[in-house]
Amino acid sequence: MKLFNWLSLALALTLAPLTSANAQAVKLGAGTYFLTPKGGDNKMPAARMRTGAASQAAAQTNQWYSSLIFNDKPEALFVQPLSVKAVAQGWELALPQKEIVPTERRDVEVHYPHKNHLLIAPAAFEVGPAQLAQTGDWSVEVSMARGSDDLRATLTRGSPFVFFKLSRGDVKIKLPEPAENLAPQSNPQVLHLKIKGIDYAVFGPSGTRWTANSPTEWTGHLPAGKTFVSAAALPNADAATLALFQRHAYAFITDTRVDWRYDRASSQVTTSFKATSQTMDGPDHGPLLGLYPHQWFNNPLVATQLGPAFDSIRGKIHLIAASEFQKTNNYTGFVPYWPGVPASSQQAELMDLLKSEKRTARRMMLQQGAGPYWQGKGLLRTLKLMDVAEQQGDLEGRDQLLEMVKKRMEEWLSGESSKTYFHYDASLGAVGAYPEEFFTATQINDHHFTYGYWIRAAAEIALRDKAWAQKSQWGGMIELLIADIATAERGRSDFPFLRTFDPYEGHSWASGIGLGASGNNQESSSEAINAWAALILWGEVTGNTRLRDLGIYLYTAEIEAIQYYWFDIHRQVFPPEYKNVETSMLFGGKYAHNTWWTDEPRQIKGINLLPITTASMYLGADPAYVQRNLAALVPEMALYDQFGKRPSNAPPRDIWQDIFAQYAALADPVKALSQWDRWGSVEIGESRSHALHFMLSLQHMGTPDLTVRANTSLYAVFKKANGSKTYLAYNAGSTPMQVQFSDGTTLTVAPASLGRTP
């Protein structure tokens with residue numbers, strides 16, 4: 001089933017009268033959103049720098065290139081392995097090199113800055129400001145038109161080339177230092193330069209002639225009717241490498257597309273990447289693509305095709321001479337909640353905590369802040385507390401907590417409050433939520449983080465009350481939020497394609513407008529996972545299999561990217577100089593072990609773990625890594641204290657001890673429980689009851705066994721040290737379901753229930 005075109009739906013509905021703040025209201029089921037912000041609330045930014053097809057579609061925010069569409073002087077773009085920057089004269093092009101930057105925390109950051117660049121510019125005319133003209137799934141075409149003159153550049157993730165088309169005239173190359181043309185005289189259409197130890201090549205069409213205007217400037221005299229060049233960085237100076245690049249230099253990429261297929265029977269996701277190209281000169285040799293480590297490492301489908309490699313901020317980017325490739329990943333599943341824990345020495349403690357936290361649940365639902373992010377965390381906290389009550393047999397407590405969450409969500413979704421509401425910006429194609437937090441409106445930041453909590457909460461309600469989730473009730477507003485972060489159709493005018501997700505790098509970006517010299521960024525990778533788990537659960541419970549499959553693709557892909565680029569569990573990415581176990585902040589051009597709000601070590605580490613739920617099993621994929629990651633906290637905290645970093649108003653020394661206890665339980669639940677303090681610090685999005693239930697469940701069932709798959713979407717398998725296993729599966733349907741696990745185990749699950757064996 002296709003996701004709704006919400007803009008068309010809104011225009012088809014009768015607009016309600018204007019509110020007192022002149023914010024135009026649109027009814028959507030039982031809910032309401034607004035076409036303008038209320039009162040003096042902040043507007044969303046204008047994506048002015050677009051032209052052609054890009055200007056007719058919703059603005060593609062939160063991407064590696066989004067700086068282009070909001071700024072007439074955009075930041076550098078980290079295309080990788082290249083970096084590029086649109087400037088007043090044309091395009092800067094560089095191959096970033098590793099820089100190790102010490103910090104006051106006595107660790108280091110890894111930077112690959114945009115510097116020592118070439119400048120590619122027209123010789124016959126001056127360019128205009130850069131405007132996004134067309135987008136592929138991992139490529140963009142950018143126009144620098146001034147009147148009838150235009151310089152067009154195609155930038156492609158992983159590609160060593162930038163492809164340029166000029167409306168007329170010759171091309172000019174300016175260098176940061178003197179350099180000679182190293183190309184043999186027998187190859188006059190190639191300009192081969194070595195700049196600060198890096199080899200670059202510019203390939204003109206047949207008949208091109210290169211002349212030096214000065215030691216730092218060259219002109220490419222282009223033949224009539226062939227006003228194009230491709231520019232590239234080379235991974236080495238070998239003659240064979242230059243010949244390889246020249247064979248593919250004229251396959252100008254015109255489009256890129258990613259497709260995914262979830263096979264329910266095998267619980268696997270196959271992702272296909274395909275580039276379309278146009279041969280501009282000579283024979284058609286097709287494009288040269290660059291594969292990231294998560295695409296080539298342990299991928300037998302491309303193992304025989306790997307060519308030369310670039311060093312990059314993401315590890316080795318290997319080239320392959322192909323227009324398409326595939327990769328297959330296992331979807332390891334999760335269930336919405338775990339069953340009640342049997343009698344144990346700590347069951348009385350669990351019930352005592354539950355009784356206490358039910359009394360304080362309303363107050364704790366919005367413990368900090370007033371906006372949609374903190375409220376979303378409060379909603380999920382309360383519903384996870386509800387899970388514990390329900391599974392431990394307290395149905396009265398379950399009903400109380402469920403109604404509490406429904407009422408709070410309805411207050412926001414109804415639009416009746418003057419302060420808490422949702423706004424849809426038709427000119428941008430985005431939903432803002434107010435009161436604004438973390439620049440979710442003015443910079444379109446963190447939409448997947450924020451709305452992921454709301455979608456997950458709504459899905460948990462829908463498990464118990466499908467009528468509430470009907471589109472005619474509150475489901476319409478929830479699917480508006482889903483469309484904002486996960487529209488799967490390309491080129492729509494109401495919402496962009498996969499707003500925050502980068503299909504080629506395999507993870508999301510948090511910044512909507514791409515501010516900063518280091519490119520776009522993402523901090524809390526685990527909150528992105530929470531969003532994609534929410535899509536899976538909502539899609540399953542509402543019968544929207546297309547959305548469910550999209551969620552499974554995003555969930556599986558982002559988990560893989562986290563294991564490579566945040567945790568480096570395969571040891572393919574972090575350089576030897578980087579001593580931290582993980583990165584907490586990933587940028588286009590750097591890694592940082594920090595947060596946006598504090599450099600306190602526990603929060604630096606914990607931001608890529610929370611919220612810990614049943615969808616967090618991927619964190620236990622490598623138990624040895626879990627132990628190593630937690631062990632690193634000891635010296636990090638010692639340094640933090642040694643250098644006087646702890647302020648007088650510092651958080652408690654055991655801040656987020658619940659998060660770390662649950663994380664530790666994924667590797668060793670007995671040890672985690674022995675270190676758990678029921679009176680210790682608890683993260684705002686978590687409850688003591690849920691944290692303890694989580695650990696007791698793992699003690700009883702065992703740690704996650706991610707090697708076993710099942711032919712259903714909602715499942716989980718656990719294994720104890722003695723080899724015994726527990727199998728879980730949730731049936732969101734209306735008829736009994738037979739689940740087949742890949743190790744031969746079968747399980748029959750009744751409708752709308754969680755099944756388990758033994």
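Which side chain makes a polar contact of 3.1 Å with the side chain of E582? It's the side chain of K605. Keep in mind as you look around that this is a predicted model. Below we visit two acidic residues, some salt bridges and a pair of packed helices.

**Around E582**

- To find E582, look in the loop between α12 (545–566) and β30 (585–587).
- E582 has a relative accessibility of just 1%, so it counts as buried, the cut-off being under 20%.
- K605 isn't the whole story, as the side chain of E582 also has a polar contact of 3.2 Å with the side chain of H593.
- If you skip the neighbours within four places in sequence, the residues in contact with E582 are W566, F567, F574, H593, K605, Y625 and N629.

**Around D502**

- D502 sits in a strand, β27, which covers residues 501–502.
- Is D502 buried or exposed? With a relative accessible area of 0%, D502 is buried.
- The side chain of D502 has a polar contact with the side chain of R157, at 2.7 Å.
- Setting aside residues up to four places away in sequence, D502 touches Q63, W64, R157, H507, S508 and W509. So R157 turns up both in this list and as the polar partner of D502, because a polar contact needs N or O atoms within 3.5 Å and a contact needs heavy atoms within 4.5 Å.

**Salt bridges**

- How many salt bridges does the model have? The count comes to 42.
- One of them pairs D352 with R678, where the closest N and O atoms are 2.9 Å apart. This one ties together distant parts of the chain: D352 belongs to helix α6 (residues 347–364), while R678 is in the loop between α17 (669–675) and α18 (688–701), and the two are 326 residues apart.
- The two partners aren't equally covered up: D352 is partly exposed at 41% relative accessible area, whereas R678 counts as buried at 18%.
- Another salt bridge brings D387 and R464 together, with 2.8 Å from N to O. It also links distant parts of the chain, as D387 is in helix α7 (residues 372–391) and R464 is in helix α9 (residues 447–464), 77 residues apart.
- D387 is buried, with a relative accessible area of 5%, but R464 counts as partly exposed at 22%. Why the split? Buried means under 20%, so R464 falls on the other side of the cut-off.
- D387 and R464 also belong to a network of salt bridges, whose members are K384, D387, E390, R398, D399, R456, E460 and R464.
- The side chains of R492 and E489 form a salt bridge too, at 2.6 Å from N to O. Here both partners are buried: R492 has a relative accessible area of 11%, and E489 comes in at 10%.

**Helices α7 and α18**

- α7, the helix that holds D387, packs against α18 at an angle of about 55°, and their axes are 8 Å apart.
- That angle is why the two helices are called oblique to each other: it lies between 35 degrees, under which they'd be roughly parallel, and the 65 to 115 range for roughly perpendicular.
- The crossing of α7 and α18 is left-handed.
- On the α7 side, the contact is made by K384, L385 and V388, and on the α18 side by S689, H690 and H693.
- K384 does double duty here, as it takes part in this helix contact and is also in the salt-bridge network.

Terms used
Residues numbered from 1 in each chain as written. Predicted model: local features only at pLDDT ≥ 70, side-chain atom pairs only at ≥ 80, totals over all residues. Heavy atoms only, no water. Helix = DSSP H or I, 4+ residues; strand = E, 2+ residues; numbered from the N terminus. Buried < 20%, exposed > 50% of the residue type's maximum accessible area, 1.4 Å probe, protein only. Polar contact = N/O pair within 3.5 Å; in protein donor to acceptor, adjacent residues only side chain to side chain. Salt bridge = Lys/Arg side-chain N within 4 Å of Asp/Glu carboxyl O. Axes fitted to C-alpha atoms, helices over the stretch in contact; angles between N-to-C directions. Parallel < 35°, antiparallel > 145°, perpendicular 65-115°, else oblique. Left-handed = near helix turned anticlockwise from the far one by under 90°.
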